[in-house]
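Grab a pencil and work through these exercises with the model open beside you. Each task comes with a solution that goes step by step.

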Amino acid sequence: MKDFYNYTYYDRIGEYMNEFYLTLLWSITVSMFPFGGFLGSLMVGPLVNNLGRKGTLLFNNIFSIVPAFLMGFSELAKSFEMIIVARVLVGICAGLSSNVVPMYLGELAPKNWRGALGVVPQLFITIGILVAQIFGLRSLLANEEGWPILLGLTGIPAVLQLLFLPFFPESPRYLLIQKKDEAAAKSALRRLRGWHDVDAEIEEILEEDKAEKAAGFISVLKLFKMRSLRWQVISIIVLMAGQQLSGVNAIYYYADQIYLSAGVNEDDVQYVTVGTGAVNVLITVCAIFIVELIGRRFLLLLGFSVCFTACSLLTGALVLQDKISWMPYVSIACVISYVIGHALGPSPIPALLVTEIFLQSSRPAAYMVAGTVHWLSNFTVGLVFPFIQVGLGAYSFVIFALICLFTTIYVFLIIPETKSKTFIEINQIFIKMNKVPGVHPEKEELKEFPHSTTRQ
């Protein structure tokens, strides 16, 4: 692709780019994806409130299909600008879907399945990465002839979603609380649950609505001002920042060098990378089956602790790899351990918790904050890590180890267990933490939540 950039520039100007300009242009291309993700996160609130969860996901396909055409035909059009614009658009798609999909599934799911369904988006992200790694093998599409086809494939999932998503119901919570359409909400619940009597669940949703009636629409600014949501907001910022700043991108950046230093043939490194992607998928599948058994909090503690240990050991292994012959194998073990740890907790759980610790009126704004922190952290790591790596070398992983340690301590001290609890019950836990008399302390008539009856 860099050659394509250079040849295109030569066709226009009559000379090749210098190395600095080529690197700068390529860096801009790469960084446009997380920048687009940031823009997409800012669009979450307005879109889900006006189009609904399902409507937003249908609309979002524009930001996948259009860039697929732009990237797929960029070589034919001899325009690297099409790729840069497409990266922004597909980033918007990722920013929207990474926030709206967990919100949609969290609102569709019964409480005893909410955790498992909440991890499913991360499973398909890992499957997507693995598929990309397979198609990205040099013997398939990662070559001079195949790269436009590889980039154009991003539109296929969007086309499938356009075909199948219209047959799915809208979020019952959105229909009942925001659209005030009880008949539509009951119809959606009946389709989802497979039985006719959904009055108990409708009553639970109405209790949530009553508990927050005084709040009205909660903007991002209001979200930060509300004392009753203080620890929820701090928690999603810490978890989303910890997820991205814990070194996951740096691990993947370093992985090829680590495999090569262990004696893996240069042509075979790509296959080892695919193997790492397969491990990521396998562990995420395991997370789906255990999240409702051992809980979200335990998975976060376990995941960040494993990542802390892996980063600490990897630092020592990289420092000593030229002095001790078997140390590169320790480095490989650290990389695989880190991938396992991150796939267990830090990758899937934070987005699930955003759905669980916020009620309906504050959830869209909360996802805007979570998405913004996620994508800005992603962008920051991509921008800053190469300089950290040059300055600190192997010791750069000490920074990531400390971030993992801090996040582990925060989860241990602050994050409550939310499995098998209703949204009302979870919010009652945070009411005590925030030391407020009710959901909206400024309204004296709302001294406490309506009592919710736990139903299986």
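Glu356 is a good place to start: with a relative accessible area of 0%, this residue is buried (buried means under 20% relative accessible area, exposed over 50%, partly exposed in between, using a 1.4 Å probe and protein chains only). A word on ground rules: this is a predicted model, where local features need pLDDT of at least 70, side-chain atom pairs count only at pLDDT 80 or more, and totals for chains, interfaces and linings use all residues. Residues are numbered from 1 along each chain as its sequence is written, and side-chain values use heavy atoms, with hydrogens and water left out.

**Exercise 1. The salt-bridge network**

Task: Find the residue that meets the side chain of Glu356 in a salt bridge, then work out which residues are linked with Glu356 in a network.

Solution:
- Step 1. Look for a salt bridge, that is, a side-chain nitrogen of Lys or Arg within 4 Å of a carboxyl oxygen of Asp or Glu. The partner is Arg114, at 2.9 Å from N to O.
- Step 2. Place both ends. Arg114 belongs to helix α6 (residues 114-135) and Glu356 to helix α18, so to speak distant parts of the chain, 242 residues apart. Helices here are DSSP runs of H or I with at least four residues, strands are runs of E with at least two, and both are numbered from the N terminus.
- Step 3. Check the cover on Arg114: its relative accessible area is 3%, so it is buried too.
- Step 4. Add the other pair. Glu292 bridges to Arg296, with the closest N and O atoms 3.2 Å apart. Glu292 counts as buried at 16%, and Arg296 is buried at 1%.
- Step 5. Put the pieces together: Arg114, Glu292, Arg296 and Glu356 form one network of salt bridges. The structure holds 11 salt bridges.

**Exercise 2. The helix around Glu356**

Task: How many residues of helix α18 are buried?

Solution:
- Step 1. Mark out α18, which covers residues 349-357.
- Step 2. Go along the helix and tick off the buried residues, among them Ile349, Pro350, Leu353 and Glu356.
- Step 3. The tally is nine of the nine, so α18 is largely enclosed by the rest of the structure.

**Exercise 3. Following α15**

Task: Where does α15 bend, and what follows this helix?

Solution:
- Step 1. Start with the length. α15 (residues 269-294) has 26 residues and reaches 36 Å from first C-alpha to last, close to the 38 Å expected at 1.5 Å a residue; that expected span is 1.5 Å times one less than the number of residues.
- Step 2. Find the bend, taken as the angle between axes fitted to the seven residues ending at a position and the seven starting there. It comes to about 35° at Ile288.
- Step 3. Look at Phe289, also in α15. Phe289 is exposed, at 61% relative accessible area, and its C-alpha is 9.3 Å from that of Gly115, 174 residues away in sequence.
- Step 4. Step past the end of the helix: Gly295 follows, with a positive phi near 95°.

**Exercise 4. Positive phi without glycine**

Task: Where do Lys78 and Lys180 lie?

Solution:
- Step 1. Lys78 has a positive phi near 55° and sits in the loop between α4 (74-77) and α5 (80-108).
- Step 2. Lys180 has a positive phi of about 55° although it is not a glycine, and its loop runs between α9 (172-178) and α10.
- Step 3. Check exposure: Lys78 counts as exposed at 51%, and Lys180 at 54%.

**Exercise 5. The whole chain**

Task: What share of the residues is buried, and what radius of gyration does the chain have?

Solution:
- Step 1. Count elements: 21 helices and zero strands.
- Step 2. Buried residues make up 52% of the 456.
- Step 3. Take the radius of gyration over C-alpha atoms and apply the globule rule, 2.2 Å times the number of residues to the power 0.38. A compact globule of 456 residues would be near 23 Å, and the chain has 23 Å, which agrees.
- Step 4. Along its principal axes, the C-alpha trace spans about 70 × 50 × 40 Å.
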